[in-house]
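Hello,

Here is the structure I promised to pass on to you. Have a look at it first, and then read on for what turned up in it.

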Amino acid sequence: MKRIEDLALEHTTITLDADGIATVSLNRPDKRNALNADTIEELIDIFVTLPRAGVRACVLRAEGTHFCAGLDLVEHHSEDRRPETFMHLCLRWHEAFNKMEYGGVPVIAALKGAVVGGGLELASAAHIRVADAGTYFALPEGQRGLFTGGGATIRVADLVGKARMIDMMLTGRVYQGQEAIAVGLAQYLVDDSESKAMELARAAARNEPLSNFAICSAISHMQNMSALDAAYAEWGGAGIVNTQPACRQRLAAFADKSAPRVRPNEA
Ligand code: 1HE
């Protein structure tokens with residue numbers, strides 16, 4: 001089993017703080033963090049390793065002014081790929097993003113600048129998306145003579161709905177600001193997406209890891225099931241999570257009135 005410190009990373013970096021919060025950075029700012037094949041392999045390695053390395057939450061961020069420009073179009077052009085080669089590449093993208101979404105570790109994406117094409121596919125595999133005023137979302141595949149291949153037909157359609165996704169792809173429509181929040185592309189719009197993402201990661205990291213594992217894998221799995229099967233899987237998961245020894249202390253604190261109560265936000 002690989003450890004975080006053993007990962008050979010060229011286009012990404014990872015750091016781990018004392019609270020078990022990992023910061024994963026895309027690190028090709030001169031190429032606007034476009035995703036070449038090697039970066040995808042690094043993301044697979046990272047998101048295979050994180051859940052077994054005791055990581056409690058992860059912030060996914062980027063160097064430079066843009067989060068991610070999507071598929072490396074220059075590499076794709078120079079490789080002049082055959083259909084089966086690109087299909088295999090898509091499988092690697094799916095592997096990376098599935099490991100993120102189903103891995104059980106909360107991933108919070110700190111967005112900025114362009115979150116486009118495959119960059120939006122990457123962001124949509126995170127569990128929480130935080131945008132700033134300069135963040136904008138688009139699916140320019142149609143304009144490039146391409147189609148999505150990194151899971152957008154599943155995840156972006158899930159976030160914004162089929163009609164909006166088709167509009168984005170046909171017309172190049174860009175969403176930003178409050179409108180992007182309203183359609184579901186991000187859950188937070190703030191001045192500083194990185195510090196907000198870290199604040200959210202710290203909040204999530206205070207939960208029991210087994211609860212977070214269920215939240216960050218079971219909900220996604222259950223979306224793929226019939227309602228009847230999802231209900232069946234839910235009681236199995238709840239049976240394990242809700243009887244974990246670690247939750248007894250939290251329940252005791254509620255029972256003896258020392259645990260904080262759920263209150264409305266202050267005005
Ligand atoms: C790239 C890429 C890229 C920039 N692949 N190299 N994605 C797109 O259609 C988005 C394409 N990119 C852009 O629209 C713009 O570059 C940005 C809005 C992201 C940034 O603009 P800007 O003015 O800051 O940068 P730039 O001058 O356009 O690019 C700077 C460098 O980044 C330049 O390299 P250089 O070596 O000439 O300096 C660009 O070539 C490079 N660069 N974006 C490769 N995408 C699994 S299927 C997924 C399908 C898709 O993702 S389609 C959507 C692709």
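Let me begin with how the fold is held together along the sequence: of the contacts in the chain with a separation of 6 or more, 72% are between residues 24 or more positions apart. Please keep in mind as you read that this is a predicted model.

**The chain as a whole**

The secondary structure consists of twelve helices and nine strands. Measuring along the principal axes is a handy way to get a feel for the scale, and there the C-alpha trace spans about 65 × 45 × 40 Å. The radius of gyration is 19 Å, which agrees with the value near 18 Å that a compact globule of 267 residues would have. Of those 267 residues, 45% count as buried.

As for the surface, the chain exposes about 14200 Å², and 55% of that area is supplied by carbon and sulfur atoms. The charged side chains number 27 positive and 33 negative, with the centres of the two sets 5 Å apart.

**Parallel strands in a row**

A good place to start browsing is strand 3, residues 57–62. Why can this strand be called largely enclosed by the rest of the structure? The reason is that six of its six residues are buried, a residue being counted as buried when its relative accessible area is under 20%. In a regular strand the side chains alternate between the two faces of the sheet. Here both faces are covered: Ala57, Val59 and Arg61 are buried on one side, and Cys58, Leu60 and Ala62 are buried on the other.

Strand 3 has parallel partners that you can follow in the model. Strand 2 runs parallel to strand 3, and six bridges join the two. Within that pairing, Thr23 stands opposite Val59 of strand 3. Strand 4 also pairs with strand 3 in the parallel sense, over three bridges, and Leu60 has Ala109 of strand 4 as its bridge partner.

Moving on to strand 4, residues 107–110, you will find Val107 and Ala109 pointing one way and Ile108 and Ala110 the other way, all of them buried. Strand 4 pairs in turn with strand 6, residues 128–132, again in the parallel sense and over three bridges. Ile108 stands opposite Ile128 of strand 6.

**An open sheet of three strands**

Next, have a look at strands 5, 7 and 8. They form an open sheet in the order 5-7-8, with mixed pairing. Which strands lie at its edges? Those are strand 5 (114–116) and strand 8 (175–176), each of which pairs on one side only. Strand 5 and strand 7, the latter covering residues 136–138, are parallel to each other and share three bridges. Ala114 has Tyr136 of strand 7 as its bridge partner.

**Two neighbours in a loop**

The loop between strand 2 (21–26) and helix 1 (37–49) holds Arg32, and Asn33 is found in that loop too. Most residues other than glycine have a negative phi. Both of these residues have a positive one, with phi near 55 degrees for Arg32 and near 60 degrees for Asn33.

Are they buried or exposed? Arg32 is partly exposed, with a relative accessible area of 42%, whereas Asn33 is buried, with a relative accessible area of 3%. Leaving aside residues up to four places away in sequence, Arg32 touches His66, Phe67, Cys68 and Ala69. The C-alpha atom of Arg32 is separated by 17 Å from that of His77, which is 45 residues apart from Arg32 along the chain.

**Close to the start of the numbering**

Finally, Lys2 is found in the segment before strand 1 (12–16). Lys2 is partly exposed, its relative accessible area being 45%. What does Lys2 touch, not counting residues up to four places away in sequence? Its contacts are Leu7, Asp45 and Thr49. Between the C-alpha atoms of Lys2 and Ile44, 42 residues apart along the chain, the separation is 12 Å.

I hope this helps you find your way around. Enjoy exploring!

Best wishes

Notes
Residues numbered from 1 in each chain as written. Predicted model: local features only at pLDDT ≥ 70, side-chain atom pairs only at ≥ 80, totals over all residues. Heavy atoms only, no water. Helix = DSSP H or I, 4+ residues; strand = E, 2+ residues; numbered from the N terminus. Rg over C-alpha atoms; globule rule 2.2 N^0.38 Å. Buried < 20%, exposed > 50% of the residue type's maximum accessible area, 1.4 Å probe, protein only. Contact = heavy atoms within 4.5 Å. Areas by Shrake-Rupley, 256 points an atom, 1.4 Å probe, with all protein chains shown as cover. Lys, Arg positive; Asp, Glu negative; His and termini not counted. Charge placed at Lys NZ, Arg CZ, Asp CG, Glu CD. Pairing = 2+ DSSP bridges.
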